Amino acid sequence: MAPDAFDAEVAFWTELTGWESAPGEREEFHVLRPSLDLPVHLIVQRLTAPRPASAHLDVACSDLDAGRRWHEGHGAVFVRRGPAWLVMRDPAGGVHCLTRRDPETGE
């Protein structure tokens, strides 16, 4: 994360998720922790072209349009619609997707 965007990125994801937010052990880290009853899934995706490792956040939404309004209400901007997802840009310029999945099961 670029130094000038770090605080905005932390503020956006902290406010959006409502998760516990605290500085990490080192100044370049900030930790967001969900409540114990929150379902969190990690998906590893095989890409078709080689590139450096990175991470991309997908947020499961049972209602994409309601999810879009929620994210926009916290400062995200709609980028484009895919077949079963919406691409959003957070206030610091990071791209994430809202996917049409059950937030509890990930299916």
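I began with the second largest pocket and sorted its lining by class: five residues are charged, four are nonpolar and three are polar. I am working from a predicted model.

I then noted the volume of the second largest pocket, about 240 Å³. Three strands each give two or more residues to its lining: S4 (77-81), S5 (85-89) and S6 (95-100). Of these, S6 has the largest share, with three residues. I listed the lining residues by name: His56, Asp58, Arg80, Arg81, Gly82, Ala84, Trp85, Val87, Cys97, Thr99, Arg100 and Arg101.

Next I looked up the largest nonpolar core. Nine residues make it up: Phe12, Trp13, Leu16, Cys61, Leu64, Ala76, Leu86, Met88 and Leu98. Helix H1 (3-17) and strand S5 each supply at least two of them. H1 gives the most, three residues.

I picked Leu98 from this core and asked which residues it is in contact with, leaving aside neighbours within four places in sequence. The list is Val59, Cys61, Leu64, Gly67, Arg68, His71, Ala84, Trp85, Leu86 and Met88. Ala84 and Trp85 also appear in the lining of the second largest pocket.

Last, I checked for aromatic pairs. How many does a search of the whole structure find? It finds one. The pair is Phe12 with Trp13, and I count it as edge-to-face because the ring planes stand at 80° and over 60 degrees is the cut-off for that class. The ring centres are 4.9 Å apart. Are Phe12 and Trp13 buried or exposed? Both are buried, and both belong to the largest nonpolar core.

Definitions and conventions: Residues are numbered from 1 along each chain as its sequence is written. This is a predicted model: local features need pLDDT of at least 70, side-chain atom pairs count only at pLDDT 80 or more; totals for chains, interfaces and linings use all residues. Side-chain values use heavy atoms; hydrogens and water are left out. On a 1 Å grid over the protein atoms alone, a cavity is a set of points where a 1.4 Å probe fits but cannot get out, and a pocket is an open set with protein on both sides within 12 Å along at least five of seven lines; lining residues have an atom within 4 Å of a point. Grid points are joined across faces, edges and corners, and a volume is the space filled by probe spheres set on the points. Helices (H or I, at least four residues) and strands (E, at least two) are DSSP runs, numbered from the N terminus. Ala, Val, Leu, Ile, Met, Phe, Trp, Tyr, Cys and Pro count as nonpolar, Asp, Glu, Lys and Arg as charged, and the others, Gly among them, as polar. A nonpolar core is a set of buried Ala, Val, Leu, Ile, Met, Phe, Trp, Tyr and Cys residues joined through side-chain atoms within 4.5 Å. Buried means under 20% relative accessible area, exposed over 50%, partly exposed in between (1.4 Å probe, protein chains only). Contact means heavy atoms within 4.5 Å. Rings of Phe, Tyr and Trp (its six-membered ring) pair if their centres lie within 6.5 Å; planes under 30 degrees apart count as stacked, over 60 as edge-to-face and the rest as tilted.
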